[in-house]
Amino acid sequence: MKARIFLYLFIFSSLIALYIYVSYSAQAEVKDEKITSLEAQVSQLEDSLRSSRLKVLDLQYFSLENNDDALAYYDHLSLKDPARYVADKLLETNEAKGDNPLVPYEGMESNFKINKINVLNHKWIIADFSDGRFWGELFIEYELKDDLSVDFTLLDHLLYTRSL
């Protein structure tokens, strides 16, 4: 009787071990496939990130922050971020009552105000303006003086037409 109990116990243990082995093998295959899939996805995302970084560098080509020759014009002023300073001064022109004085159009929905600013170099700015419904762009020349005042001169402008 004892021999049969040990035999049954051995057979039962063997079946459990076989079940665990087969189950683990199937799980291992699934996990290996998932790891391979995730590695491919990581590779694709790294390529996408690399591509995005190149696009960002390309977009930053025309900016004061990345133009050492243009920044050299402001070394004597000891400004931490000349582009931000000039952009802030340009945004201060929005504080005037009514339309921004640099925008050569009258607002139709409300007053035209400058929204986005890109300081290209030590002389030029591209800015976007809008009244909430209509919008356009400005090409502005600026001069940052030694007393930290800034003079803005509108060089060109456009207002996008809106098809109703």
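These notes cover the aromatic pairs, the strands and one helix of a predicted model.

1. Aromatic pairs. The count of aromatic pairs comes to 6. One of them is formed by Tyr105 and Phe112: the ring centres are 6.5 Å apart and the planes are at 65°, so this pair is edge-to-face. The angle decides the label, because planes over 60 degrees apart count as edge-to-face.

2. Accessibility of that pair. Phe112 has 0% relative accessibility and counts as buried. Tyr105, at 23%, counts as partly exposed; the cut-off for buried is under 20%.

3. The tilted pair. Trp124 and Phe139 have ring centres 5.8 Å apart and planes at 45°, so the pair is classed as tilted. Trp124 belongs to strand β2 (residues 124-130) and Phe139 to strand β3 (residues 135-144), so the contact ties together parts that are 15 residues apart in sequence. Both rings belong to partly exposed residues: the relative accessible area is 37% for Trp124 and 27% for Phe139.

4. Ring cluster. Tyr105, Phe112 and Phe129 are linked into a cluster by ring pairs. As noted above, Phe112 is buried and Tyr105 is partly exposed.

5. Strands β1 and β2. Strand β1 (residues 113-119) runs antiparallel to β2, and 5 bridges join the two. One bridge can be located by residue: Lys113 has Ser130 in β2 as its partner. The connection from β1 to β2 is a hairpin through 4 residues.

6. Buried side of helix α3. Which residues of helix α3 (residues 82-92) are buried? They are Pro82, Ala83, Val86, Ala87 and Leu90. Their arc around the axis is only 130°, which puts them on the same side of α3. The spacing can be read against a general rule: an α-helix has 3.6 residues a turn, so residues three or four places apart point the same way.

7. What covers α3. The elements covering the buried residues of α3 include α2 (68-71), β1, β2, β3 and β4 (150-159). The antiparallel strands of point 5, β1 and β2, are thus among them, as is β3, the strand that holds Phe139.

8. Arg84. Helix α3 also contains Arg84. Its relative accessibility is 42%, so Arg84 counts as partly exposed. Where does Arg84 stand with respect to Glu39? The two residues are 45 residues apart along the chain, and their C-alpha atoms are separated by 41 Å.

Definitions and conventions
Residues numbered from 1 in each chain as written. Predicted model: local features only at pLDDT ≥ 70, side-chain atom pairs only at ≥ 80, totals over all residues. Heavy atoms only, no water. Phe/Tyr/Trp six-rings, centres within 6.5 Å; stacked < 30°, edge-to-face > 60°. Buried < 20%, exposed > 50% of the residue type's maximum accessible area, 1.4 Å probe, protein only. Pairing = 2+ DSSP bridges. Arc of directions from axis to C-beta. Contact = heavy atoms within 4.5 Å.
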